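Ready for a few warm-up exercises? Open the structure, try each task yourself, then check the worked solution below it.

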Amino acid sequence: EYAEGSSNNKYLEIYNGTDADVDLTGLAFPNANNGADVEGEPDFWNEFAAGATLAPGEVYVIAHGSADSVILAEADETHNYLSNGDDGYCLVLGAEGNYSILDCIGDWGTEDPGNGWDVAGVSDATKDHTLQRKSDVSWGNSGDWVGSAGTDADNSEWIVLDQDDWTGLGSHESSPPC
């Protein structure tokens, strides 16, 4: 799940659909702001907090430090540079300069997407909306943001919710399990 809400009400939520704990030490969530400086590469490398793990069937929430108390109550860590809708974030496995992309919101292209990316036929859906991953999606998009975003509600991997709709925060429905 991803939220770009009013003020600093922003978060990224990562789901563990496996039957084992996931050590987040070998993962990171790098980003590019307003279009990457170098095509296909992040501008900033963001690592998870030391010792971070994600239990089976649980979610890990990265929230803006000044977010609403409802969001902060679910947060596992804070990161004050979350997107205004036009910043690409990816979940990666590996180290800076040597990693594999597991999943993305947006991309690391050098072209600034303007206000945000279109998702499920909704213009600028990564701005002023919450995006929930559909329950039947069993794997990340491996960096294929365009395919993941889709062009309408049927071929998108995402459900676009209104701004400040956090009804799915803190959990994820998955069918079938990943």
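**Exercise 1.** Find which residue in S7 stands opposite Leu-12, then place S2 and S7 in their sheet.

*Solution.* Start with the pair itself: Leu-12 faces Ile-62 in S7. A ground rule before going on: this is a predicted model, where local features need pLDDT of at least 70 and side-chain atom pairs count only at pLDDT 80 or more, while totals for chains, interfaces and linings use all residues. Numbering runs from 1 along each chain as its sequence is written, and side-chain values use heavy atoms, with hydrogens and water left out.

Next, the strands: S2 and S7 run antiparallel to one another, with 5 bridges. Strands here are DSSP runs of E, at least two residues, and helices are runs of H or I, at least four, both numbered from the N terminus; two strands pair if DSSP finds at least two bridges between them.

Now zoom out. The open sheet has 6 strands in the order S8-S7-S2-S1-S11-S12, with mixed pairing. Strand S8 (77–78) and strand S12 (158–161) each have a single partner strand, so one side of each lacks a neighbour in the sheet.

**Exercise 2.** Work out which residues of the largest nonpolar core touch the most other members, and what Val-119 is in contact with.

*Solution.* First, the term: a nonpolar core joins buried Ala, Val, Leu, Ile, Met, Phe, Trp, Tyr and Cys residues through side-chain atoms within 4.5 Å. Buried is under 20% relative accessible area, exposed over 50%, and partly exposed in between (1.4 Å probe, protein chains only).

The largest core has 23 residues, and those touching the most other members are Phe-48, Tyr-60, Ile-62, Val-119, Leu-131 and Trp-145. Two or more residues each come from strand S2 (10–15), strand S7 (59–63), strand S9 (87–95) and helix H2 (145–149).

Then take Val-119: beyond its neighbours within four places in sequence, its contacts (heavy atoms within 4.5 Å) include Leu-131, Trp-145 and Trp-158.

**Exercise 3.** Locate Gly-40 and decide whether Gly-40 is buried, partly exposed or exposed.

*Solution.* Look in the loop between strand S5 (31–33) and strand S6 (53–54) and you'll find Gly-40. Its relative accessibility is 43%, so Gly-40 counts as partly exposed. Setting aside residues up to four places away in sequence, Gly-40 touches Tyr-99 and Trp-108. Finally, try a distance: Gly-40 and Gly-57 are 17 residues apart along the chain, and their C-alpha atoms are separated by 31 Å.
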